[in-house]
Amino acid sequence: MPVPSHPAVEGAAVQADDLRYMRAALALAARGLGNTWPNPAVGCVLVKDGAVVGRGWTQPGGRPHAETEALARAGASAHGATAYVTLEPCNHHGKTPPCSEALVAAGVARVVVACGDPDPRVAGGGLERLRAAGIAVVTGVCEAEAWALNEGFFRRIQDHRPLYTLKAATTLDGRIATHSGVSQWITGPTARAWGHRLRASHDAIMVGIRTALTDDPELTCRLPGLTHHSPVRIVVDSRLRLPLTGRLAATARAVPTWIVTREDADAARLEAFTDCGVEVIRVTADSAGLPDLGEASAVLARRGLTRVLVEGGATLAASLLRAGLADRLEWFRASSVMGGDGLPAVHGFGVDALDQMARFTRVSVRQAGEDLVESYVKRR
């Protein structure tokens, strides 16, 4: 799936404020990340005579859509307005009428779209409906930014898997814990708060069984005002070793909790987890005897997940990198050195030559208290 770099803007003439208003729509769209799956997170801004008359973004669960929200706020002022939409308006009847139809009915004069929707139910049809109604349409404004924002949705539609963000909190020499497993806390409170914000912007958090056994984590977002954004919790557990009395299983009825395990998992343990409210996903084993992440990814996509945050540990990180599934890295780096007896962030994953390494491009570096946060995207 190609990443837009310098997209061509197509359609009616671009106006001076198009970039400004589209960036505002993208900021609105970002509010829905982690909260709209299986739908994309979309933003819409309606502008008339130089003034914003309506704003909207995709609501929790994916409905109402951004355009519907913006039109409702604008009311009669939408007639003759320009609509800035971060994704091609939908063109199919589902649980709600098509947004393309709503824009036509509202009498907007012009629609500026950041990028097309690859969903076969849309795929250019929304733009065609708008043009057929005599509406001026511009596409490709801030296309690369819009693609990056909804990359998880696009991967689910086109690659049949979610986007994976691998998150690590390490020392300068890449250690995540002492040799005895102590890891709290390598990074400081600001970095930890940023990590919780990452959780809120993803559909699911994934950890390996060793992390679950060592930390007995809650895997929820505990930032004030964002506790309701806690995503699905996923544990990759080959042999169903997750304790039934641990925090994850014990709270499975309050926060959705899934286990990815091998298809030959013990039947009695399967039943016990099901009784606790945990959903168990069985897949074939890979060459290392671990649950096949490629097969699991297809299952997660069919369940609607678009963005998965992988928080640990080293074995799961290695499996993700070996399978070529790590799309982004969020690397939290403390100003400390632990040495070779500490536990590494990533176990070996079969690199015998330099050209076999997983390669990424750094896109940002930010200060988080005394720590650094580096963001990377996979080179394609």
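These legends walk through several close-up views of a predicted model.

**View 1. Helix α6 and what surrounds it.**
Helix α6 spans residues 151-158. This helix is mostly covered, with seven of its eight residues buried. The buried residues of α6 are Glu151, Gly152, Phe153, Phe154, Arg155, Arg156 and Ile157. They pack against α5 (143-149), β7, α11 (293-302), β13 (307-312) and β14 (328-333). Look just past the end of α6 and you will meet histidine 160, which takes a positive phi of about 60°.

**View 2. A salt bridge within helix α6.**
Here the view turns to arginine 155 and glutamate 151, which form a salt bridge with their closest N and O atoms 2.8 Å apart. Both residues belong to α6 and sit four residues apart, about one turn of the helix. In general, an α-helix has 3.6 residues a turn, so residues three or four places apart point the same way. Are these two charged partners buried or exposed? Arginine 155 has a relative accessible area of 2%, so it counts as buried. Glutamate 151, at 5% relative accessibility, is buried too.

**View 3. Salt bridges that reach beyond the helix.**
Glutamate 151 also meets the side chain of arginine 380 in a salt bridge, at 3.7 Å from N to O. Glutamate 151 lies in α6 and arginine 380 in the segment after β17 (371-378), so this pair ties together parts that are 229 residues apart in sequence. Arginine 380 counts as exposed, at 52% relative accessibility. Arginine 155 has a further partner in aspartate 159, and their side chains form a salt bridge of 2.6 Å, N to O. Aspartate 159 is partly exposed, with a relative accessibility of 31%. Step back a little and a network of salt bridges appears, linking Glu151, Arg155, Asp159, Arg161, Asp327, Arg328 and Arg380. Across the whole structure, a search finds 20 salt bridges.

**View 4. Inside the largest nonpolar core.**
This core has 43 residues, and the members that touch the most others are Met22, Val45, Leu46, Tyr84, Leu103, Val108 and Val111. Which helix gives the core its largest share? Helix α1 (residues 18-30) does, with six residues. Methionine 22 makes a good place to start looking: leaving aside residues up to four places away in sequence, Met22 touches Tyr84, Val85, Thr86, Val112, Val113, Ala114, Val141 and Cys142. Another core, of 32 residues, lies apart from the largest one, and among its members are Met206, Leu293, Val308 and Trp331.

**View 5. Helix α2 and its cover.**
Helix α2 covers residues 66-74, and its buried residues are Ala66, Glu67, Glu69, Ala70, Leu71 and Ala74. What covers them? The cover includes the strands β2 (43-48), β3 (51-57) and β4 (82-85), along with helix α3 (99-106). Just after α2 comes glycine 75, with a positive phi of about 60°.

**View 6. Two neighbouring threonines, 170 and 171.**
Threonine 170 lies in strand β7, while threonine 171 is found in the loop between β7 (163-170) and β8 (175-177). Threonine 170 is buried, with a relative accessible area of 0%, and threonine 171, at 3% relative accessibility, is buried as well. Setting aside residues up to four places away in sequence, threonine 170 touches Arg175, Ile176, Ile186, Trp331, Phe332, Arg333, Ala334 and Ala345. With that allowance again, the contacts of threonine 171 are Ile186, Arg333, Ala334, Ser336, Val337 and Met338. Threonine 171 is also joined to aspartate 173 by a polar contact of 2.4 Å between their side chains. Tryptophan 185, 15 residues from threonine 170 in sequence, is 9.9 Å from it in space, C-alpha to C-alpha.

**View 7. A nonpolar patch on the surface.**
The last view moves to the outside, where Val351, Leu354 and Met357 form a nonpolar patch on the surface. Together these residues have about 280 Å² of accessible area. Where is methionine 357 found? Methionine 357 is in the loop between β15 (343-344) and β16 (360-368). With a relative accessible area of 38%, methionine 357 is partly exposed.

Methods. Residues are numbered from 1 along each chain as its sequence is written. This is a predicted model: local features need pLDDT of at least 70, side-chain atom pairs count only at pLDDT 80 or more; totals for chains, interfaces and linings use all residues. Side-chain values use heavy atoms; hydrogens and water are left out. Patches are made of residues with over 30% relative accessible area and no salt bridge: like charges are joined within 9 Å, nonpolar side chains (Val, Leu, Ile, Met, Phe, Trp, Tyr) within 5 Å. Accessible areas come from the Shrake-Rupley method with a 1.4 Å probe; for residues, only the protein chains shown count as cover. A salt bridge is a side-chain nitrogen of Lys or Arg within 4 Å of a carboxyl oxygen of Asp or Glu. Helices (H or I, at least four residues) and strands (E, at least two) are DSSP runs, numbered from the N terminus. Buried means under 20% relative accessible area, exposed over 50%, partly exposed in between (1.4 Å probe, protein chains only). Contact means heavy atoms within 4.5 Å. A nonpolar core is a set of buried Ala, Val, Leu, Ile, Met, Phe, Trp, Tyr and Cys residues joined through side-chain atoms within 4.5 Å. A polar contact is a pair of N or O atoms within 3.5 Å; within protein, one must be able to donate a hydrogen and the other to accept it, and residues adjacent in sequence count only if both atoms are side-chain atoms.
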